[in-house]
Amino acid sequence: MNSTSTIKNIQEEIIEEFNFLEEWDEKYAYIIELGKKLPPLDEKYKTEQNKIKGCQSQVWLHSELNGDIVNYYADSDALIVKGLVSLLVRVLSGHKPSEILQEDLYFLDKIGMKQHLSPTRSNGLAAMVKQMKMYALAFSSKLNS
Amino acid sequence: MSLTQQELINLKKKGGTGFDIQVIRKDFPILHQQVNNKPLVYLDNAATTQKPQAVIDSLVAYYSNINANIHRGIHTLAEKATSAYEVTREAVKIFINSRYTEEIIFTRGTTESINLVAATFGKQVIGKGDEIIVSAIEHHSNMVPWQMLAQEKGAVVKVIPVNDEGELLIEEYKKLFTPKTKIVAVNHVSNTLGTINPLKEIIAIAHEHSVKVIADGAQATSHLDIDVQDLDVDFYAFSAHKMYGPTGIGVLYGKKELLESMPPYQGGGEMIKEVTYEGCSYNELPYKFEAGTPNIADTIAFKAAIDYITYIGKPAIRAHEQELYNYTVEKLSSIKNLKIIGTAKEKVSVASFIIPGIHHQDIGILLDQEGIAVRTGHHCTQPLMSRFNIAGTTRASFALYNTKEEVDRLEEGIKKVIKMLG
């Protein structure tokens, strides 16, 4: 991953990668692989506070501000969600809070995974995106103060 | 097809007319569609069943021909609507064999029926320090209303334990009774495990202690013959949508003398006899518990569902579903590491399972891609999940229109999912 890539560029990259995958099982197999590859979140960050509770699966999200850059670290107990979490981290991590707040997340729609982001999917993903933006907002006001 | 009362009684006595799966499947238009480019396999029937054309037609016919508010109007449409609405009540009476028609209260569904009892009868009989017995395999809807009541009154909720097969421990249940026990709330059939509880025995034991029993029948009515008089149950709650009827309409059966002694649940129109600025007097049963304009259309269409089940017959439905369940167990048992949760001797056709190392949500997402609808999660029975030390299960639940070919699709689907996730 190129650290100078913009959020938009990374989303385009992901869309490109998924364009090669035609069948649903190829797409999901790729997401599952990403889930397996995502480094597990350090146990010390798997706190109640960092837990985004879905009805069925759970997501843990930890964020740090390094200089003026936000880094996200996340995990899930379900593999497909974990793969999607990994994509969200890849897109949003390593950017300035202002960029994270401004940019529109459209790649999940383009790769045919939008349904997983619906608030009714009860997997915590929609809440995770919201939480990522909340952290960005908090960091942004910290930087501006 | 709309059956008269006498036809319903006769068909029920006869056990229905029997079963032709190909004919039955044609009755359910929703089944004949592609989901994610695969023919739909609908195995989430414990959540809600699909509706036969007769039920859909009844809804359309009501709104097309006789829509009017009931019980108060004197015009022709109001009379037609009122009559059709009350015909359903008569059909429910026959369906569960209650003694009196006015023992049938229409509600929004099982959950509201239970909440009604908790908020009226419950508040009457439960005081500080009193005890309510529930079972370890209750749906949240037959657990939370009692916890709320207990919290409000300073009462205690006690739990009938369950064995590893998912059967209630009746000897332990007997030991829970004290002079403080006032209510037993238990399901007839477990939504998560499919266990059929020995309800008649559970009720008899409670009655020895002069304790009233409310049974959650949501998962029972589409599978089992229900006879509230034979069970001697005090309250029995169920929903139309889990027995091929519309959503938003359910039943509370209560023994007449109990319903008469209870205060109303909600105030408004229909439930009153006379209102002055100083106060009011309440209407008679069942209207005392049916405040406001009820769900007329769905209640009328509910009759079509009762007709449908009665026409085919519970014995034939049960036999078909049992065969499907046995076939499912045979097929799933061949899958390495798969473990069925809930292996009670008496079960309806519900197969809940886990595959260690694989999250149930992943299974659900991928089966959906194969066009297979199952339910994953804790099934609104979180305490039960803790009892079995699991986060959730994948549940395949069957109805009369399911086939062995669909079970084969499920088996293939699970094998593919394991391959992808393994």
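A residue is called buried here if 20 or more other C-beta atoms lie within 10 Å of its own. Keep that definition in mind for the first stop. The model on screen is predicted.

**Stop 1: all of chain B**

Select chain B and colour it by secondary structure. There are 15 helices and 17 strands to find. Along the principal axes, the C-alpha atoms of the chain fill a box of roughly 70 × 55 × 40 Å. Is the chain compact or spread out? For 422 residues, a compact globule would have a radius of gyration near 22 Å, and chain B agrees, because its own value is 22 Å. Of these 422 residues, 50% are buried by the definition above.

Now consider which parts of the chain touch. Among contacts in chain B with a separation of 6 or more, 71% are between residues 24 or more positions apart.

**Stop 2: the seven-stranded sheet**

Stay in chain B and select strands β4 to β10. These seven strands form an open sheet, and reading across it gives the order β4-β10-β9-β8-β7-β5-β6. The pairing in this sheet is mixed. Which strands form the edges? They are β4, residues 104-107, and β6, residues 156-160, each of which pairs on one side only. Look along the sheet to see its twist: on average, neighbouring strands are turned by 20 degrees against each other, direction ignored.

**Stop 3: one pair of strands**

Select residues 235-239 and 250-254 of chain B. These are β9 and β10, which run antiparallel and are joined by five bridges. Show the side chains of B:Phe238 and B:Val251; the two stand opposite each other, with B:Val251 in β10(B).

**Stop 4: helices on the sheet**

Add residues 110-125 of chain B. This is helix α5, which packs on the sheet and touches β4, β7, β8, β9 and β10 of chain B. The direction of α5 makes about 30 degrees with that of β10(B).

Next, add residues 199-208 of chain B, helix α8. Which strands does helix α8 lie across? They are β7 and β8 of chain B, and the helix runs at about 160 degrees to β8(B).

**Stop 5: where chains A and B touch**

Bring chain A into view. The contact takes 14 residues from chain A and 12 residues from chain B. On the chain A side, select α2 (24-37) and α3 (79-92), each of which supplies at least two residues. Helix α2(A) gives the most to this side, with five residues. Colour the chain A side by class to find nine nonpolar, three polar and two charged residues.

Terms used:
Residues numbered from 1 in each chain as written. Chains lettered and ligands numbered in written order. Predicted model: local features only at pLDDT ≥ 70, side-chain atom pairs only at ≥ 80, totals over all residues. Helix = DSSP H or I, 4+ residues; strand = E, 2+ residues; numbered from the N terminus. Rg over C-alpha atoms; globule rule 2.2 N^0.38 Å. Buried ≥ 20, exposed ≤ 12 C-beta atoms within 10 Å, placed from the backbone. Contact = placed C-beta atoms within 7 Å. Pairing = 2+ DSSP bridges. Axes fitted to C-alpha atoms, helices over the stretch in contact; angles between N-to-C directions. Nonpolar A, V, L, I, M, F, W, Y, C, P; charged D, E, K, R; others polar.
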